[in-house]
Amino acid sequence: MNVKQLPPLFNFEAMEKTAVFSNGLTGQDILSVSQFDKDKLDYIFARAREMREMVERVGGTDLLKGHVLACLFYEPSTRTSSSFIAAMERLGGGVIPITQGVKFSSVSKGETLADTVRTLEQYADVIVLRHPEMGAAKLAADYASVPVINAGDGPGEHPTQALLDLFTIREELGRIDGLKIAMVGDLRYGRTVHSLTKLLLQYNVSLRFVSPEILRLPLNIMNQVIDAGINVRETHDVADVIENADVLYVTRVQKERFSDLSQYEEVKDHYEITPELMQKAKKKMIVMHPLPRVGEIHYSVDHDPRAAYFRQVRNGMFIRMALLAAVLGKA
Ligand code: NCD
């Protein structure tokens with residue numbers, strides 16, 4: 001069967017009018033997960049499912065034809081930058097990719113972030129920014145008149161990753177309420193952990209935080225967890241949580257955030273999820289990782305159907321398609 005001959009799945013023209021008023025995201029910067037209540041989450045997840053169905057049937061659409069995304073990355077990236085680019089292209093839009101190191105842009109000549117975003121907005125309708133400093137996305141948003149999407153601001157937040165993480169949990173396990181979620185690794189500097197934890201506070205979940213002492217969750221986030229009345233515990237040992245966890249969210253130790261590399265060396269090999277450890281886990285649970293991994297999950301775990309990290313990667317594209325369409329008022 002030639003899939004191109006299938007009739008269009010959705011009447012985007014008709015959806016557009018209501019979407020502009022209903023999603024509340026049109027024209028907005030996406031800086032933090034605190035902007036997402038359950039209605040917005042449900043909205044984005046529903047759109048992401050539609051995007052998945054559309055991509056699987058016809059590959060792409062021209063919903064964002066005539067729109068341009070500037071992808072400005074001051075830190076390395078594979079998944080986040082590629083998925084934003086793929087998302088824009090599958091929606092028929094164009095991309096200015098400044099992702100292979102800003103060293104080739106005028107940033108290397110000393111241009112400020114403020115001037116760079118005020119330049120890019122002359123060409124683009126939305127800017128995706130990754131930057132090593134916490135608060136950089138907010139600063140860029142203060143200068144830019146087009147929406148800025150935070151693709152990671154140092155150890156701060158990574159809201160679009162948290163959306164795709166939550167979406168993955170929902171799609172894999174069918175629910176979020178009632179789950180026991182264990183976060184493992186660098187909880188101090190891991191911005192994906194910070195954003196996902198904050199999002200999960202809207203749900204009835206139990207949280208387990210597993211890290212070496214020096215990489216514990218920052219106090220201000222732990223206080224938010226406690227204030228939300230969440231059942232929470234901290235431990236140094238994955239073995240304490242593996243049997244009961246529905247979700248094991250594993251992270252890399254963020255070497256680039258350490259000022260003292262000897263401290264990194266001390267903690268870098270603290271955990272490894274192995275097939276032996278997985279034998280103790282529930283039959284119906286998932287292992288997630290925002291990736292890249294640098295030894296936290298043994299390669300032989302990849303064959304375990306509970307290893308969800310590459311499905312998680314794919315979900316990132318659908319979530320970012322949904323988000324771009326919403327922000328540009330074309331949901
Ligand atoms: C994460 C990041 O950049 O914060 N990667 C990603 O976006 N998928 C996690 C990491 O780098 O460890």
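**View 1. Polar contacts hold the eye at the ligand in this predicted model.** An oxygen atom of the ligand is 2.9 Å from an N or O atom in the side chain of Thr-80. Gln-254 offers a polar side-chain atom 2.8 Å from an oxygen atom of the ligand. Pro-290 takes part through its backbone: a polar atom there is 2.9 Å from a nitrogen atom of the ligand. Taken alone, the ligand exposes 320 Å², and the protein buries 94% of that.

**View 2. The ligand sits in the largest pocket.** Residues surrounding the ligand include Thr-80, Arg-130, His-158 and Gln-161. Arg-191, Thr-192, Arg-252 and Gln-254 are also among them. Pro-290, Leu-291 and Pro-292 belong to this shell too. Sorted by class, the shell has three nonpolar, five polar and three charged residues.

**View 3. Phe-258 and Tyr-264 form an edge-to-face aromatic pair.** The structure holds four aromatic pairs. In the pair of Phe-258 and Tyr-264, the rings are 5.6 Å centre to centre. Their planes make an angle of 70°. The pair counts as edge-to-face because the angle is over 60 degrees.

**View 4. Phe-258 and Tyr-264 again, now for burial.** Are these residues buried or exposed? Phe-258 has a relative accessible area of 9%. That is under 20%, so Phe-258 is buried. Tyr-264 has 10% relative accessibility. Tyr-264 therefore counts as buried, by the cut-off of under 20%.

**View 5. Three rings make one aromatic cluster.** The members are Tyr-189, Phe-258 and Tyr-264. Phe-258 and Tyr-264 are the edge-to-face pair of View 3.

Technical notes
Residues are numbered from 1 along each chain as its sequence is written. This is a predicted model: local features need pLDDT of at least 70, side-chain atom pairs count only at pLDDT 80 or more; totals for chains, interfaces and linings use all residues. Side-chain values use heavy atoms; hydrogens and water are left out. A residue is near a molecule or strand if one of its heavy atoms lies within 4 Å of it. A polar contact is a pair of N or O atoms within 3.5 Å; within protein, one must be able to donate a hydrogen and the other to accept it, and residues adjacent in sequence count only if both atoms are side-chain atoms. Accessible areas come from the Shrake-Rupley method with a 1.4 Å probe; for residues, only the protein chains shown count as cover. On a 1 Å grid over the protein atoms alone, a cavity is a set of points where a 1.4 Å probe fits but cannot get out, and a pocket is an open set with protein on both sides within 12 Å along at least five of seven lines; lining residues have an atom within 4 Å of a point. A molecule sits in a cavity or pocket if more than half of its atoms lie within 2 Å of its grid points. Ala, Val, Leu, Ile, Met, Phe, Trp, Tyr, Cys and Pro count as nonpolar, Asp, Glu, Lys and Arg as charged, and the others, Gly among them, as polar. Rings of Phe, Tyr and Trp (its six-membered ring) pair if their centres lie within 6.5 Å; planes under 30 degrees apart count as stacked, over 60 as edge-to-face and the rest as tilted. Buried means under 20% relative accessible area, exposed over 50%, partly exposed in between (1.4 Å probe, protein chains only).
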